[in-house]
Amino acid sequence: MKPAEAYILNQEEPYRDILLYIQQIIALTLPEITLKYKWNIPCFYIGKKPICYFNVNKKKGFVDVAFWHASCIKKHRAHLVSENRKVVKSLRYNTINAVDQTVLISILKDIEGCNKTGFLK
């Protein structure tokens, strides 16, 4: 098993179900996506372009779906959390029912259409 898959599958509930559900939405929305393991977390790429990453915050009780190219997001910006981060913004979920597919898909498509390839460029 690959490290990114192990990270997801080894999470306790409800985090595992949330991660698997979001992973499925990402894969269906962006079929060319690749799941990699960097900085000890699952990261999604299209080619060399970073799309988003998962992070579980057990202390605060949520799954963070973070986007490096948040400046490319046109719709649903009010749903994003920056929490003192300059570049990265994220969607946070504490239950599977909290995942709004419409918002997530819209943000993924905005990021996919972004011409940026590096993290800060």
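Pro 14 sits in the loop that runs between helix H1 and helix H2, the latter spanning residues 15-29. In this predicted model, the peptide bond that joins Glu 13 to Pro 14 is cis, with an omega of about 5 degrees. That makes the loop between H1 and H2 a good place to begin a tour of the chain.

From here, the view turns to the start of the chain. Met 1 belongs to the segment that comes before helix H1, which covers residues 3-9. With a relative accessible area of 73%, Met 1 is exposed, because the cut-off for that class is over 50%. Met 1 also has company on the surface: together with Leu 9 and Leu 20, Met 1 forms a nonpolar patch with about 300 Å² of accessible area.

Two further residues deserve a look for their backbone angles. Asn 40 is not a glycine, yet its phi is positive, at about 65 degrees. This residue is found in the loop between strand S1 (34-38) and strand S2 (41-46). Asn 40 has a relative accessibility of 56% and therefore counts as exposed.

His 76 is the other residue to visit. Its phi is near 65 degrees, a positive value in a residue other than glycine. The loop that holds His 76 lies between strand S4, residues 62-67, and strand S5, residues 89-93. At 27% relative accessibility, His 76 counts as partly exposed, because that class lies between the limits of under 20% for buried and over 50% for exposed.

Conventions: Residues numbered from 1 in each chain as written. Predicted model: local features only at pLDDT ≥ 70, side-chain atom pairs only at ≥ 80, totals over all residues. Heavy atoms only, no water. Patch = residues over 30% accessible without salt bridge, like charges linked within 9 Å, V, L, I, M, F, W, Y side chains within 5 Å. Areas by Shrake-Rupley, 256 points an atom, 1.4 Å probe, with all protein chains shown as cover. Salt bridge = Lys/Arg side-chain N within 4 Å of Asp/Glu carboxyl O. Helix = DSSP H or I, 4+ residues; strand = E, 2+ residues; numbered from the N terminus. Buried < 20%, exposed > 50% of the residue type's maximum accessible area, 1.4 Å probe, protein only.
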